[in-house]
Amino acid sequence: MKTFTPKPADLTHDWYIVDAADVVLGRLATQVATLLRGKNKPTFAPHADSGNHVIVINAAKVAITGNKLSKELYMHSGRPGGLRADTYAELLEKNPDRIIREAVKGMLPKNKLSKTQMDRLRIFAGAEHPHTPQKPQTFEISQVSQQAK
């Protein structure tokens, strides 16, 4: 029996849409990372780029549990004195896509494929998105936050 290795002709990049309203951040990030890597396909291989395009809508309504609203997310510009610290509460108001992007990035492998896979992630704060011509399939995350109810 030989090991199956997907050829470039075997690789397809499907489109999925995920609603982040009232979903816990960690659960959302694991599901999105799985879709971006293509682990939901039977032709998955860790070295092949079989990932999907993922659209996350309602990023401003993501549920952050525990005491994480006061936790800080750091970013450095690369210049001296360029360290910036923003709390999750500030980012949820101003830039909610950065919270989800950093959570998903931390759950992808640290290699050259992760850049390509992160480029296929599109995050929108509201419910509207411009990718309707691609006909994305809805991906349902069944567990929602208990705090949101």
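**Exercise 1. The fold in outline**

How many helices and strands does the protein chain have? Work out their order too.

*Solution.* Let's start with a count on this predicted model. The protein chain has four helices and six strands. Next, walk along the sequence: the elements come in the pattern β-α-β-β-β-α-α-α-β-β. To finish the outline, take the principal axes; the C-alpha atoms fill a box of roughly 55 × 45 × 30 Å.

**Exercise 2. Two helices that pack**

Describe how helix α1 and helix α3 are arranged, and find the residues that make their contact.

*Solution.* Step one is to locate the pair: α1 spans residues 25-37 and α3 spans residues 96-107. Step two is the geometry, where the axes lie 8 Å apart and the packing angle is about 60 degrees. Step three is to name the arrangement. Angles of 65 to 115 degrees would count as roughly perpendicular and those under 35 as roughly parallel, so α1 and α3 are oblique to each other. Their crossing is right-handed.

Step four is the contact itself. From α1 come Leu-25, Gly-26, Leu-28, Ala-29, Thr-30, Val-32, Ala-33 and Leu-36. From α3 come Ile-99, Ile-100, Ala-103, Val-104 and Met-107. Sorted by class, this contact holds eleven nonpolar and two polar residues, with no charged ones.

**Exercise 3. A cavity and its lining**

Find how many cavities of 30 Å³ or more there are, then characterise the lining of the largest cavity.

*Solution.* Begin with the count: there is one cavity of 30 Å³ or more. The volume of the largest cavity is about 40 Å³. Now look at the walls, where Arg-37, Phe-44, Ala-45, Pro-46, Ala-48, Pro-109, Asn-111, Leu-113 and Gln-117 form the lining. Last, sort these residues by class: six are nonpolar, two are polar and one is charged.

Note on methods:
Residues numbered from 1 in each chain as written. Predicted model: local features only at pLDDT ≥ 70, side-chain atom pairs only at ≥ 80, totals over all residues. Heavy atoms only, no water. 1 Å grid on protein atoms, 1.4 Å probe; cavity = no way out; pocket = protein on both sides within 12 Å on 5 of 7 lines; lining within 4 Å. Points joined across faces, edges and corners; volume = space filled by probe spheres on them. Nonpolar A, V, L, I, M, F, W, Y, C, P; charged D, E, K, R; others polar. Axes fitted to C-alpha atoms, helices over the stretch in contact; angles between N-to-C directions. Helix = DSSP H or I, 4+ residues; strand = E, 2+ residues; numbered from the N terminus. Parallel < 35°, antiparallel > 145°, perpendicular 65-115°, else oblique. Left-handed = near helix turned anticlockwise from the far one by under 90°. Contact = heavy atoms within 4.5 Å.
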